[in-house]
Amino acid sequence: MFEFLFKYPANAFERGKIVLAGGWPVWLLVALMVGAGAAIAWLVYRRNKASLVEGPRQAAIWALQTALACLLLLMLWQPALSVSALKAQQNVVAVIVDDSKSMGQVEDGTPRRQKALDALNGGLLAQLREKFQVRLYKTGERLSRVEKLETLQSTDRATRLADSMKEVVAEAGSLPIGAVVLVSDGAENSGGIDLETINEIRRHQIPVHTIGVGRETMVRDVEISDAQVPARALQDSRLSAVVSFRQAGYQGQKGKLTLRENGKVLASQDVVFKKDGVQQTEAALFNAGTPGAKNLEISIDPLPGEENAQNNKVTRVFDVSDKKPRILYVEGEPRWEYKFIRRAMEDDKTVELVTLLRTTQNKFYRQGINGPKELEAGFPSTDEELFQYQAILMGTVEAAWFTPAQQELLNRFVDKRGGGLIFLAGRASFSDGGWWREPFIGLLPVTLPERKGTFHRDPANAELTNAGRDSLITRIEENPDRNMERWSKLPYIAGYQDIGVPKPGALSLAKLKSGGELLVTQNYGRGRVAAFAGAGTWRWQMLQPLEDRSHETFWQQFLRWSVTGTPTQVQASLSKTMLADESRVRFRAEARDKSYAAASDAVVVARVIGPGGAGSEVQMTPVPTESGVFEAEYNADAEGSYVVEIVAKRGEDELGRDVATFRREDGVAENFHTEQNRELLEKLAQQTGGTFRGAADASKLGNDISYSDAGITMRETKDLWNMPIVFLLVLALRGSEWMLRRKWGVI
Amino acid sequence: MRLKILIPAVAVALTLAVGVMYAQKEFRQYQGSEYDEFPLPPDYADKTEFVIGRLMYKSVSRGFRRYSSWTIDYPRADRHLAAGIRRLTRTNVRSVEQPVSLDDDDDVYNWPFLYAVEVGHWDLTDAQAARLRDYLLRGGFLMCDDFHGTDEWEGFMESMRRVFPDRPVVDIEASDPIFHTLYDLDDKYQVPGAQYLYTGRTFERDGYEARWRGVYDDKGRLMVALNHNMDLGDAWEWSDDPRYPEKWASLAYRIAVNYVVYALTH
């Protein structure tokens with residue numbers, strides 16, 4: 001329609017500018033317009049004095065006649081569009097057709113690939129060949145030239161549009177590429193088209209015109225769009241896989257979400273599908289199992305009539321560590337909570353609980369120590385001694401019992417070393433123990449009352465908050481709703497403390513039914529801190545049947561949380577743990593000395609063991625902007641699982657080592673996000689000065705392509721006076737006046 | 001058997017509604033075998049972390065007795081011990097004991113430390129034995145004292161076999177943590193009761209030799225600690241009497257404190 005009314009395509013107007021080709025001065029045009037307006041005003045006034053037209057009606061007549069006069073005057077000045085256009089037969093137009101696997105998907109009996117060919121062969125290619133040299137390309141994993149489009153097979157295992165765009169733009173250095181036509185479903189699976197690529201295209205001023213093929217929405221399908229699993233875990237710990245999926249055509253129906261490792265079912269639960277097309281998230285709990293690299297297969301059983309069952313399954317990898325984190329429990333006096341926490345942790349083989357109990361004013365009783373020297377002098381006074389623990393459990397101990405240096409050390413333990421710190425209630429805890437003063441004000445997740453008498457040896461019952469409902473710390477029942485109910489029915493806690501209000505950013509997981517916080521957590525620096533206001537959870541053990549595990553489960557999960565994420569001296573991480581039809585992965589390592597100061601002078605090496613046991617070594621290089629951080633690029637050539645061991649040394653001394661796992665899977669990327677990604681194609685066209693067309697409108701693209709600033713161009717001046725819209729306006733103005741006069745009966 | 005002692009000597013004024021609501025018995029005091037009335041300390045109603053639970057039980061008569069065995073040395077021994085634990089450790093201890101009955105529904109589970117005397121005369125029903133077994137397996141601790149010789153051992157075992165039919169009573173090794181929690185009790189000896197003051201004997205019946213025995217759970221933790229052929233209760237009770245030798249009183253306190261700290265840590 002636009003082109004019918006305005007004679008030229010919209011992008012010609014976007015790219016060009018309006019000029020007045022008549023050569024007469026513009027001021028004269030303005031003066032004549034003003035004069036015409038005045039003359040018409042006088043005429044309208046005089047002529048209609050004797051008629052019935054007066055007041056606002058006169059003004060309307062004047063406005064219509066003046067507009068018509070101005071329009072006609074404007075046309076006398078010969079308005080024209082000055083636009084840069086590609087010179088015929090001197091430019092190259094690159095036509096790129098997506099040849100990835102998703103283009104082979106059959107819709108309504110026709111593969112997308114065929115639809116793409118139909119769109120091109122329906123006149124567009126012929127139009128292009130009339131004016132330009134046409135170079136044909138196919139894209140998928142990489143860009144390559146083809147002579148005939150009929151040879152396309154839709155077999156590429158990935159779509160990397162950004163890489164293809166960069167490659168074709170690079171050819172502009174030696175070829176007069178005037179425009180790019182991309183025919184694709186937009187099902188990109190390398191993370192989209194980045195800004196760097198867009199800027200590169202813009203620098204060359206090459207418009208990318210896109211033609212979208214394929215359905216824009218799923219019809220009958222379930223797709224797992226993402227699954228989040230912790231990259232590392234403690235042996236036998238409870239983990240949560242957060243699975244995101246969407247579906248179409250199965251709203252209200254049930255599906256089965258299953259987690260498997262080597263074919264063994266780790267967890268299975270029913271999910272009820274919500275609205276079509278809406279992203280849905282479910283958490284499934286499972287046991288991490290024994291140490292080693294794990295492949296976790298997450299799937300939703302295929303449903304009857306599902307179009308694509310290949311996108312119902314994803315794989316995630318994680319590493320189960322055989323290291324036993326050590327937690328230091330400092331307790332100020334013999335009390336039942338101490339005993340029962342110890343008993344709960346005796347069943348937990350994943351962490352070691354080392355306890356330092358002040359039995360008398362001058363005596364300690366130590367349990368779980370590695371030898372007689374450990375904690376011999378009481379609470380550690382040096383970084384090296386304290387930082388060997390991954391978390392601290394602070395019982396009822398006055399803050400003043402620690403020297404100022406130890407207080408600072410506690411702070412550094414969380415902030416710098418990244419350890420966990422849990423405060424327990426008691427008669428010398430929190431406010432009653434003077435913990436509301438510096439340097440603990442920032443550390444604690446609550447703002448403590450500045451008074452004594454906050455500890456009460458009175459019964460209190462617990463209840464979960466919404467955050468606690470789904471937290472792994474408080475999950476004593478698998479089902480979140482049953483978990484809430486279970487907590488509300490737990491026996492009373494023998495004592496509690498008023499710990500004030502949570503700080504902004506802190507997370508309240510449980511409250512006392514009588515009011516007040518029970519369990520609040522927050523991240524602090526590199527570590528994490530929790531405040532637990534209960535002092536008698538031992539009643540959960542003594543007042544419930546022997547087989548009840550709620551007390552043990554809570555404390556085991558709580559203490560595991562305290563060490564989860566506590567870094568080692570050398571901490572490895574990967575840019576991706578799953579490479580779906582790609583090979584590049586970035587290793588990253590943080591190296592620290594025993595005081596957890598950044599070891600920028602370390603020598604860091606990554607040893608990679610790939611599929612089949614093939615080993616290689618990569619030297620990691622320091623990141624200039626981050627002290628103690630090292631990175632390296634790695635190319636995983638073969639499909640399979642990889643184990644990366646990163647070792648950091650300072651001279652001959654080894655600072656530490658860490659292990660990470662990743663996996664490369666081929667032939668999977670194209671199974672996901674298979675509907676047409678129109679948004680991506682539209683944005684690509686819009687950001688590069690091109691246009692987007694559906695496959696049915698592809699032939700109309702021929703006119704759009706002529707206007708470009710790339711390649712070999714010439715500036716064209718196109719008359720606008722003869723646009724159909726001008727004649728229609730003249731008719732509309734005259735017709736409107738006639739209609740009004742007829743209505744008023746003054747013709 | 002009629003429990004003559006169940007005459008409340010003091011109607012304790014702990015009007016804690018929560019006490020009723022949460023089914024934990026309030027403090028109560030009964031007539032003792034040796035003490036008809038015993039003054040309450042001013043802080044008896046304080047809420048504390050640790051309370052000495054004195055196990056109430058029905059006793060069998062071995063010869064003429066006008067009292068129930070569980071009240072022997074009660075409450076004087078308990079209160080002296082409570083004061084001793086307070087002085088020697090950082091434990092927050094109630095100044096008065098808590099008589100605990102296995103028949104009071106789930107009340108026993110509120111008192112994780114129980115002290116029982118004259119257990120050579122206890123006679124637990126099957127239901128009481130089952131509850132005591134459950135209590136111990138959940139984490140409770142039982143210290144038994146003041147039973148002597150072969151007959152009283154057998155009397156003790158009759159009920160103990162109902163508590164743990166398949167769990168042996170064994171000697172506690174000197175290296176066991178219970179003898180090292182606060183004091184290293186490497187040099188232990190028999191602690192006689194007050195009868196020593198008028199008989200001059202350190203033993204009663206045929207209990208010539210002190211035996212430290214116990215019952216362990218599956219994880220090697222002591223659940224029941226037995227002081228056979230000893231009378232620690234008398235030692236605490238008479239520790240403020242100049243006639244009672246200090247060395248026995250001291251050892252009795254040290255053993256008890258170690259047991260209490262063990263119960264609070266294992």
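Author: Two strands pair if DSSP finds at least two bridges between them, helices (H or I, at least four residues) and strands (E, at least two) being DSSP runs numbered from the N terminus. The model is predicted, so local features need pLDDT of at least 70 and side-chain atom pairs count only at pLDDT 80 or more, while totals for chains, interfaces and linings use all residues. Residues are numbered from 1 along each chain as its sequence is written, with chains lettered from A and ligands numbered from 1 in the order in which they are written.

Reader: In β2(A), which residue is the bridge partner of A:V19?

Author: Strands β1(A) and β2(A), the latter spanning residues 79-86, run antiparallel and are joined by 4 bridges. Within β2(A), the bridge partner of A:V19 is A:A80.

Reader: Which are the edge strands of the open sheet with the order β1-β2-β41 in chain A?

Author: The sheet has 3 strands, and their pairing is antiparallel. The strands that pair on one side only, and so form its edges by the pairing criterion, are β1 (17-20) and β41 (713-719) of chain A.

Reader: Which helix gives the largest share of the largest nonpolar core?

Author: A nonpolar core is a set of buried Ala, Val, Leu, Ile, Met, Phe, Trp, Tyr and Cys residues joined through C-beta atoms within 7 Å, where buried means that 20 or more other C-beta atoms, placed from the backbone, lie within 10 Å of a residue's own. This core holds 169 residues, of which A:I327, B:A116 and B:A252 touch the most other members. Its largest share, 13 residues, comes from chain B, in helix α7 (residues 246-263).

Reader: Between which domains of chain A does this core lie?

Author: Domain bounds come from an automatic or database domain assignment. Because two domains of chain A both give residues to the core, it lies between domain 3 (221-321) and domain 4 (326-559).

Reader: How many residues does the second, separate core have?

Author: Among the members of this other core are A:V92, A:A172, A:I193 and A:L684. The number of its residues is 49.

Reader: Which element supplies the largest share of the side of chain A that touches chain B?

Author: Counting two residues as in contact if their C-beta atoms lie within 7 Å, 28 residues of chain A are in contact with 23 residues of chain B. On the chain A side, α8 (336-346), β19 (352-358), β20 (364-367) and α13 (538-542) each supply at least two residues. The largest share, 7 residues, comes from α8(A).

Definitions and conventions
Buried ≥ 20, exposed ≤ 12 C-beta atoms within 10 Å, placed from the backbone.
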